[in-house]
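Colleague: Could you take me through this model before I plan around it, keeping to what the coordinates support?

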Amino acid sequence: QVQLVESGGGLVQAGGSLRLSCSASGRTFGSYAVAWFRQAPGKEREFVATIGWSGSTYHANSVKGRFTISRDSAKKTVYLQMNSLKPDDTDVYYCAADSTSSSIPNDYRYWGQGTQVTDSS
């Protein structure tokens with residue numbers, strides 16, 4: 001079992017930066033892939049980025065060059081560094097974990113509760 005808790009969301013102006021954290025519990029977290037998704041009200045959950053247990057990463061085209069996913073296995077934490085934020089980035093951001101990296105939400109068994117990122121412009 002893996003439990004995930006997101007943090008770091010908040011108000012941010014367009015062009016600003018924010019770093020989200022996904023902290024995990026569970027002894028086997030180091031062997032899991034972790035992904036970030038985001039969801040706006042009334043819309044489907046959208047893939048943002050994923051990082052495998054080996055550190056390999058994949059970012060959605062919509063955030064490539066602006067967002068960076070990383071992990072600190074010793075701290076059991078995965079980060080999403082978000083730079084050059086746009087109003088369209090305003091969403092609830094979720095982290096998810098499972099044994100294999102994927103961009104499909106249904107491939108992940110474990111989810112956090114989400115953290116809100118809001119454009120304050």
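What follows is a short exchange on the sheet, the core and the charged pairs.

Modeller: This is a predicted model, in which local features need pLDDT of at least 70 and side-chain atom pairs count only at pLDDT 80 or more, while totals for chains, interfaces and linings use all residues. Residues are numbered from 1 along each chain as its sequence is written, and side-chain values use heavy atoms, with hydrogens and water left out.

Colleague: In what order do the four strands of the open sheet lie?

Modeller: Strands here are DSSP runs of E with at least two residues, numbered from the N terminus, and two of them pair if DSSP finds at least two bridges between them. The pairing in this sheet is antiparallel, and the edge strands, each pairing on one side only, are β1 (3-7) and β7 (67-72). The order is β1-β3-β8-β7.

Colleague: Which residue of β8 stands opposite Leu-18?

Modeller: Strand β3 (residues 18-25) and strand β8 (residues 77-82) pair in the antiparallel sense over six bridges. The residue in β8 that stands opposite Leu-18 is Met-82.

Colleague: Which residues touch the most other members of the largest nonpolar core?

Modeller: A nonpolar core is a set of buried Ala, Val, Leu, Ile, Met, Phe, Trp, Tyr and Cys residues joined through side-chain atoms within 4.5 Å, where buried means under 20% relative accessible area, exposed over 50% and partly exposed in between, with a 1.4 Å probe and protein chains only. This core has 32 residues, and those touching the most other members are Leu-4, Trp-36, Leu-80, Met-82 and Tyr-93.

Colleague: Which parts of the chain does the salt bridge between Arg-38 and Asp-91 tie together?

Modeller: A salt bridge is a side-chain nitrogen of Lys or Arg within 4 Å of a carboxyl oxygen of Asp or Glu, and in this pair the N to O distance is 3.6 Å. Both Arg-38 and Asp-91 are buried. The pair ties together parts that are 53 residues apart in sequence, because Arg-38 lies in strand β4 and Asp-91 in strand β9.

Colleague: Which residues are linked in a network of salt bridges?

Modeller: The side chains of Arg-66 and Asp-89 also meet in a salt bridge, at 2.7 Å from N to O, and both Arg-66 and Asp-89 are buried. The network links Arg-38, Glu-46, Arg-66, Asp-89 and Asp-91.

Colleague: Is Ser-84 buried or partly exposed?

Modeller: Ser-84 lies in the loop between β8 and β9, and has a positive phi of about 50° although it is not a glycine. Its relative accessibility is 41%, so Ser-84 counts as partly exposed.
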